[in-house]
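Here's a quick walk through this model, one region at a time. Have the sequence and the 3D view open as you read.

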Amino acid sequence: MKIEEIKRVLAVFTLFRELTDFELTKVADIAITRDWQKQSHVFLQGDPLENVYFVFDGKIKIYKSDVNGKEQIVAMAKKGEMFPHVGFFRKGEYPAYAEVLEPSTLIAVPISKFESVLIENPELCIKVFKVLGEKIVDLQDRLEEQILNNTYEQIVKLLIRLAQNHGMEQEDGTILLKSEFTNKDLANMIGTTRETISRTLTKMKKDELIEVDETGNMIVDVEILMEEINLI
């Protein structure tokens, strides 16, 4: 991918949207584009922290693994998103794994070079802090859910979050959530079991809180799910 094409791609990202052509060129000059195959890993937990990645196309699963191999999904990065957010202003190792879920094209920006660009461009530095601040708030909300809410509430809030971040709005106002997340994936996102997810989704279908079409896609109404939380 040539410099001008990289600039067009990066310009779409929230982080770079308001940069001047000159500022964007500085970032594009240090960027590296690469295609990744499904089931490959962009980096492993414990690898030296070297790059921040921007998803041009595809989907990446960010997850942690404990000594027993138990998986905890931290985030799903899709087109238009960056990862890992801890990459900026931090030395050391990647704190999680990044697995490619479907053929993806990523733009890698070396952290050491990017930090130099940030120092030269204070406005960009402020935007980075804003993006990181939004991510911190999201993680705080998720932590609060795990501490204060029971498993049922966590599952309902997870469906709301996935619908808002990954769903497709339908004409009737409902949101279509494609069957790309398995029950195991959902369980790993909130630290519960696959069986608990399965039982809860079955109950929610019976209670007409969610629908599932013939292909396994989930249809949800965020307002109804929000009301369900408020009634608990």
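## The second largest pocket

Let's start with some empty space: the second largest pocket holds about 200 Å³. Keep in mind that this is a predicted model.

Which residues sit nearest the centre of this pocket? Of the 14 residues in its lining, those are Phe181, Asn183, Leu201, Gly216 and Met218. Two helices, H6 (183–190) and H7 (194–206), each put at least two residues into the lining of the second largest pocket. H7 gives the largest share of that lining, with 4 residues. Sorted by class, the lining of the second largest pocket comes out at 6 nonpolar, 6 polar and 2 charged residues.

## The four-stranded sheet

Met218 takes us on to a sheet, as this pocket-lining residue belongs to E10, where Val212 stands opposite it. E10 (residues 218–220) and E9 run antiparallel to each other, paired over 3 bridges.

How are the strands of the whole sheet ordered? Reading across, you get E7-E8-E10-E9, an open sheet of 4 strands with antiparallel pairing. At the edges are E7 (168–169) and E9 (210–212), each with pairing on one side only. Helix H5 (residues 151–166) packs on this sheet and touches E7, E8 (175–177), E9 and E10. If you compare directions, H5 makes about 95 degrees with E8.

## Two domains

Now zoom out. The domain assignment splits the protein chain into domain 1 (3–145) and domain 2 (149–229). How far apart are the C-alpha centres of the two domains? The distance is 27 Å. The domains do touch: 11 residues on the domain 1 side are in contact with 13 residues of domain 2.

## The E3–E4 hairpin

Next, go to E3 (residues 51–65) and E4 (residues 71–78), an antiparallel pair joined over 7 bridges. If you want a handhold in this pairing, take Tyr63, whose bridge partner in E4 is Ile73.

The hairpin has 5 residues between its strands. In this hairpin, Gly69 has a positive phi, near 85 degrees.

## Backbone oddities in two loops

Which residue other than glycine takes a positive phi near 75 degrees? That's Gln39, and you'll find Gln39 in the loop between E1 (32–36) and E2 (41–43).

One more backbone detail is worth a look: the peptide bond joining Phe83 and Pro84 is cis, with omega at about -15 degrees. Pro84 lies in a loop as well, here the one between E5 (82–83) and E6 (97–110).

Methods: Residues numbered from 1 in each chain as written. Predicted model: local features only at pLDDT ≥ 70, side-chain atom pairs only at ≥ 80, totals over all residues. Heavy atoms only, no water. Pairing = 2+ DSSP bridges. Contact = heavy atoms within 4.5 Å. Axes fitted to C-alpha atoms, helices over the stretch in contact; angles between N-to-C directions. 1 Å grid on protein atoms, 1.4 Å probe; cavity = no way out; pocket = protein on both sides within 12 Å on 5 of 7 lines; lining within 4 Å. Points joined across faces, edges and corners; volume = space filled by probe spheres on them. Nonpolar A, V, L, I, M, F, W, Y, C, P; charged D, E, K, R; others polar. Domains from an automatic or database assignment.
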